[in-house]
Each structure stands twice: as structure tokens, then as C-alpha cells.
Amino acid sequence: MILWWANILFGFKKKNKIGENIQGLFDENALSETALNNLMLGVFMLDKSGSIILSNFAGNQMIGYESKETKNKNYTNFIKITDAKGVLIESSINPIARNLIEGGKITTDKYFLSSRNNVLRPIGLVINEILDQAQKSKGTIVVLRDLTREKFLDQQRSDFISTASHEMRTPVAAIEGYLALALNEKMANIDEKARYYLEKAHASAERLGKLFQDLLNSAKAEDGRLQNNPEVIDIAEFLESLTSNMKFMAEKKGLNFEFLINASKDTSKEHYLVNVDKDRLGEIINNLYENAVKYTESGQITIGLTGNPKVVQLRVQDTGDGIPAEAIPHLFEKFYRADNSSTREIGGTGLGLYLAKEIVKLYDGRIWVESEIGKGSTFYINLPRINRS
Ligand code: ADP
């Protein structure tokens, strides 16, 4: 019996040559049990009704019970999945309960485990339906990974980045301010050469300030400290309020600007309600728009809004150089900048799209890009639509 479970877990196959040899040397049950108990991961096997059939040493340690106390009892009293405050997760969204009903595989590191003594630890969960040879569901394997140390290190790293970028922002802002004063004709007399150098220094100080701000925001996004006060807003109205500045930015670079709702220019018809923090959404749209302008030499930038009863879809479309196919999977990673002539010339931090992805995640949305070299890029954001009758 134990070997059967271990086969599922570790992929031991009777036909496997190494497996055969090992089985020749050792008692197969003892071997699988030792392997299971020496794992750093907690493993629980549940039958279809949710009773614990088997558990390993690490799993028992995490929940604070011994195997003999839990065997053949329902998992709910022992594997207590909670939120960060230790409040039990409702059964309708509890991933183990869901897996027992829906089957398949669930992977998540959103939850916490509360032990017998109410010790709370962040956990990674992999929950996998067990199928027999006739593909009939037999139950579920729950694998738990203690993320306490990982989260602690993440927190330390993110605290360091926050403090460092916060401290560095202040002197950089002062440098930027003094350079601006030196460049102001009413405040200082400088010759043309000095102006040229100071302008370069001012642009670099500005860029450094933006880098620190982006670093601070990405550290905050990672540990959930990003200010987020969602409210229901009409995204069509919100976009409308940004269009005059957008038009100005585009026209300054000789680009056309268009704002389309449902593929038409009439912006007055439908309501597109979403539940978001306006400041956060504004940051994402600004970043996408600034990128579109930055990476487009000629043509048009289009802001589009459309939707169906469930989703509102926003798009920022440009007629720029486009993004190489091999860069697309990495675009939303931290510090990633596609390596091409325009990014070498144009300043940037490589954090804007990463931050956009983190913010969109806060609202259960999705962000992605479609792009073709020489034709341009379109960034899409889908957000859940709020329906009000
Ligand atoms: P950056 O500060 O470098 O603009 P982002 O995270 O906003 O950082 O974007 C990451 C990279 O994605 C950019 O460096 C650029 O290579 C590419 N990129 C983003 N938007 C566009 C666009 N509209 N057209 C072409 N490339 C883009």
C-alpha cells in the first residue's frame, strides 16, 4: 500500500531498472516509508471523503499531531488552512476541499497553516488528485512546504531595499533641485557649455530619482505594503480625464493620439465599472502610455476600452518598433529591458512593467502584450467588471 502512494509521489516504477535493483536489496515498504519520512515536505494522503490515510513525519510536525491521532480522521480538524491572521479559510475556497470536489491539481502559496498549538506558518501547497489505473479518482495528495524562512529572507531583502531607496531618494531630490536652480536663468548665470553639462546631470538625477521611487514601490508591492484603497470607478470616465495630457505628450513627439471606446470615438455610451485604486491604476496606464510614446518614432498611439459582461479590457497600442518575440516572456520581470537600439538610447529602469503586473494582480486582473517587429505593440489589461443594475 505505502509503495503505491510512493509510486505516485516519487514516480517509482516497478519496471524501472534501478527500482528493481533497489527492491532486490531492501524491503520495499520500509524503503518507501523511510523516503517519505525523510522528506522536508509535509505529505498527507486523503481518501475521497477527506479522511487522512497516510501522513509523513514532516507533515505531522507541521500540524503538531502524530500519525496515530489523525489516521482515518477527517483532515479539517488537523490540516488547518488559514489566512495571514490565522482565520480559517472558508471551505468553498479552501484549496484541499476544492480539490476533493473538483480534482486536478492546485498549486498556491497564498495561505498559512495553523498548528495544534496555534503556531502560524506560511506554506506552499501542492494538491493533486490521485487517479487509479482506470483513471478513477481515489483521493488527494496534499504536499506542504514550510515557507517561514523563505518569507523571512524575502522580508529582510525587501526591508533593505525600502530603507536604502528611501534614504537615497532624499539627497537625489536635493541634487535634482539644485541643478534645476542652476539651470534657471533667473537664478544663475552660466555659459552654454556649463548648461549642456548641467542639463545632462539634471536628466541623470531625475532618472536616479525615478529608479529609487520604482524600487521603493516594487519592494512595497512584494510585501503587500503598496497603498491600495479600491473604489468602484467608471474606467471610461477615468481615462477621459487623462486624455488631454496624453494627447499633449503624443503631439509633442509628432505622434497622433486616439481614444476609442468599443471601437468608436463616442465615449458617452456605456459604463465600464471596476473596483480599483485610482492612483495605482493611473500609475499603470501612465507607464504603458509613456512606454508607447518612448518606443514609437512615428505613427499613432491608441487607447482603447472595450468589455463584455464579466471583463473590462483596456489597451494601449502603438505603431513603434515592436518587441522581439524572445523578449516577450521576460518583459514583466524585474529590471528586464529588451536589448535593442532604442532601449540602449532611451532611459528606463525596467521596473515599470513589473510593477504594472504586480498591481494588476491586486485586482485579479491580467496584463499581457502582443507585438510584431516593425508593426508595433499592444498592451492589454483585463479587469473584472462590476455590474450594477
Ligand atoms: P523601462 O523603464 O525600460 O521602459 P518597463 O518595465 O516599462 O521598463 O519596460 C520594459 C522593457 O519593455 C523596455 O525596456 C522595452 O524594452 C520594452 N517595452 C515596453 N513597452 C514597449 C513598447 N510600447 N514598445 C517597445 N518596447 C517596449
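A patch, in the sense used here, is made of residues with over 30% relative accessible area and no salt bridge, nonpolar side chains being joined within 5 Å. In this predicted model, Y178, L181 and M187 form such a nonpolar patch on the surface, and together they expose about 360 Å² of accessible area. M187 sits in the loop between α7 (148-183) and α8 (192-222). With a relative accessible area of 54%, M187 counts as exposed, because the threshold for that class is over 50%.

Helices α7 and α8 also host a set of charged contacts. A network of salt bridges links D154, R157, E222 and K334. Within this network, D154 and R157 form a salt bridge whose closest N and O atoms are 3.6 Å apart. The two residues are 3 positions apart in helix α7, so about one helical turn separates them. D154 is partly exposed at 38% relative accessibility, and R157 is likewise partly exposed, with a relative accessible area of 38%. R157 also meets the side chain of E222 in a salt bridge, at 3.7 Å from N to O. This second pair connects distant parts of the chain, since E222 belongs to helix α8 and R157 to helix α7, 65 residues apart. E222 is partly exposed as well, at 32% relative accessibility.

Elsewhere, helix α10 (residues 278-294) holds R280 and E283, 3 residues apart, about one turn of the helix. The two form a salt bridge with the closest N and O atoms 2.7 Å apart. Their surroundings differ in accessibility: R280 is buried, with a relative accessible area of 10%, whereas E283 is partly exposed at 32%. The full count for the model comes to 16 salt bridges.

Turning to the strands, an open sheet of 5 strands follows the order β9-β11-β12-β14-β13, with mixed pairing. Its edges are β9 (256-261) and β13 (366-372), each of which pairs on one side only. From one strand to the next, the twist averages 15°. Inside the sheet, β11 (residues 300-307) and β12 (residues 311-318) run antiparallel and pair over 7 bridges. One bridge partner can be named here: T306 is matched with Q313 in β12.

Helices pack against this sheet too. Helix α9 (residues 235-252) lies across β9, β11, β12 and β14 (376-384), and runs at about 170° to β9. Helix α12 (residues 352-362) lies across β13 and β14, with an angle of about 140° to β13.

Note on methods: Residues numbered from 1 in each chain as written. Predicted model: local features only at pLDDT ≥ 70, side-chain atom pairs only at ≥ 80, totals over all residues. Heavy atoms only, no water. Pairing = 2+ DSSP bridges. Helix = DSSP H or I, 4+ residues; strand = E, 2+ residues; numbered from the N terminus. Axes fitted to C-alpha atoms, helices over the stretch in contact; angles between N-to-C directions. Contact = heavy atoms within 4.5 Å. Patch = residues over 30% accessible without salt bridge, like charges linked within 9 Å, V, L, I, M, F, W, Y side chains within 5 Å. Areas by Shrake-Rupley, 256 points an atom, 1.4 Å probe, with all protein chains shown as cover. Salt bridge = Lys/Arg side-chain N within 4 Å of Asp/Glu carboxyl O. Buried < 20%, exposed > 50% of the residue type's maximum accessible area, 1.4 Å probe, protein only.
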